[in-house]
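Reader: I should like to learn how salt bridges, burial and pockets are to be read from a set of coordinates. Please give the general idea in each case and then apply it.

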Amino acid sequence: VYEHVKAQLDGFDLVYCQGFTGWAFIRARRCGELRAPVLSNLHGYEMFQLAPSFRTRLFRGPMRRLARRISLGSDAVFSFGGRITEILLGMGMRRENILECPIGIEASWLVDAAVAPKPTERVFVFLGRDERRKGVKELSLALRSLIHDGNTGFKFHFIGPIDEDNKVVDERIVYHGAVHSEERVKTLLRASDVLLCTSYAEGMPTVIMEAMASGLAIIATDVGAISQQVTDNGWLLAKPEPSAIKAAMEEAIRLPVEELSNMKRRSLEKARDQFTWELVIDRKVELMSRYGQVGR
């Protein structure tokens, strides 16, 4: 990327780098070859979060070093907030150089109103890949325990490819596999009450945005910037432990219809009032413009 634009460097007011694309621009700035400030956005900083296995921890070292190099070398970095800002402060970033801005959701995802839950049934849903950091194994263990203890009055939908070893055989659990139709995903979400996102590491999950815009309450682990999404509209778990997942699901099953309806409504309001792309883009442009002026 740098080689492609280096002849035009004098014409830039600011360089905005997604992911790990910033290292050559940072080096050029240090050498005096680039006058414009460099702003980096490394998204979720998952390599600094909970690791689900020894293998994962083993491969994180080089990624952490590169993330530190880019973050500390940039004039400023974007953060989704929450635990991600804590990670940046922990590596030595100055707070004034951390620019907090969320991701957004297309307005087309927003429903007019959250659907009230049925008095006799709670509908849960998981949407995503079955990779280790997503905590599908722990979620499946929680479901097995829920069923073993005789809990009734719930249904669970898995949207996405789930490994056979993690599948739970029960008439209340439906595995839809990979669903490529956005409209089908919207239909399944809007017919549900609670989304589960029991990950070990995240940035600011789009799936939670989609669920909020669909009027769902959320059960999620307090990783990445999920605390910016989930407040009084769901349950934040310290870790993706099966017992904690199960306890939150049991509470959602027992919760009176009115209380769960209020959670669902607050999710929708939060998505509409804070996270539509129009609002997010205005915020990001304001931050970039302000920092660009300071840099000049």
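The dialogue below takes up salt bridges, surface exposure, the largest pocket and distances along the chain.

Author: A word on conventions comes before the features. This is a predicted model, in which local features need pLDDT of at least 70 and side-chain atom pairs count only at pLDDT 80 or more, whereas totals for chains, interfaces and linings use all residues. Residues are numbered from 1 along each chain as its sequence is written, and side-chain values use heavy atoms, with hydrogens and water left out.

Reader: How many salt bridges are there under the rule applied here?

Author: A salt bridge is a side-chain nitrogen of Lys or Arg within 4 Å of a carboxyl oxygen of Asp or Glu. That criterion gives 23 salt bridges. One of them joins Arg132 to Glu138, with 2.7 Å between the closest N and O atoms. Beyond pairs, there is a network of salt bridges that links Arg129, Glu131, Arg133, Lys134 and Glu202.

Reader: Are Arg132 and Glu138 buried, partly exposed or exposed?

Author: The classes rest on relative accessible area: buried is under 20%, exposed is over 50%, and partly exposed lies in between (1.4 Å probe, protein chains only). Arg132 is partly exposed at 32%, while Glu138 is buried at 6%.

Reader: Where do Lys186 and Glu182 stand in relation to each other along their helix?

Author: Helices (H or I, at least four residues) and strands (E, at least two) are DSSP runs, numbered from the N terminus. Lys186 and Glu182 are four residues apart in helix 7 (residues 182-190), so about one helical turn separates them. Their side chains form a salt bridge at 3.5 Å, N to O. Lys186 is buried at 6% relative accessibility, and Glu182 is partly exposed at 43%.

Helix 11 (residues 257-274) holds Arg265 and Glu269, also four residues apart and separated by about one helical turn. The salt bridge between Arg265 and Glu269 has its closest N and O atoms 3.1 Å apart. Arg265 is partly exposed at 36%, and Glu269 is partly exposed at 28%.

Reader: What is the volume of the largest pocket, and which residues are closest to its centre?

Author: On a 1 Å grid over the protein atoms alone, a pocket is an open set of points where a 1.4 Å probe fits, with protein on both sides within 12 Å along at least five of seven lines; lining residues have an atom within 4 Å of a point. Grid points are joined across faces, edges and corners, and the volume is the space filled by probe spheres set on the points. The largest pocket encloses about 340 Å³. It is lined by 20 residues, of which Leu127, Gly128, Arg129, Lys134 and Val207 are the closest to the centre. Strand 5 (122-127), strand 8 (194-197) and helix 8 (206-213) each contribute at least two lining residues.

Reader: How are sequence separation and spatial distance to be compared?

Author: One sets the number of residues between two positions beside their C-alpha distance. Ser192, in the loop between helix 7 and strand 8, is buried at 1%. Ser192 and Val115 are 77 residues apart in sequence, with 8.4 Å between their C-alpha atoms. Leu99, in strand 4 (residues 98-100), is buried at 5%. Leu99 and Leu196 are 97 residues apart along the chain, and their C-alpha atoms are separated by 28 Å.
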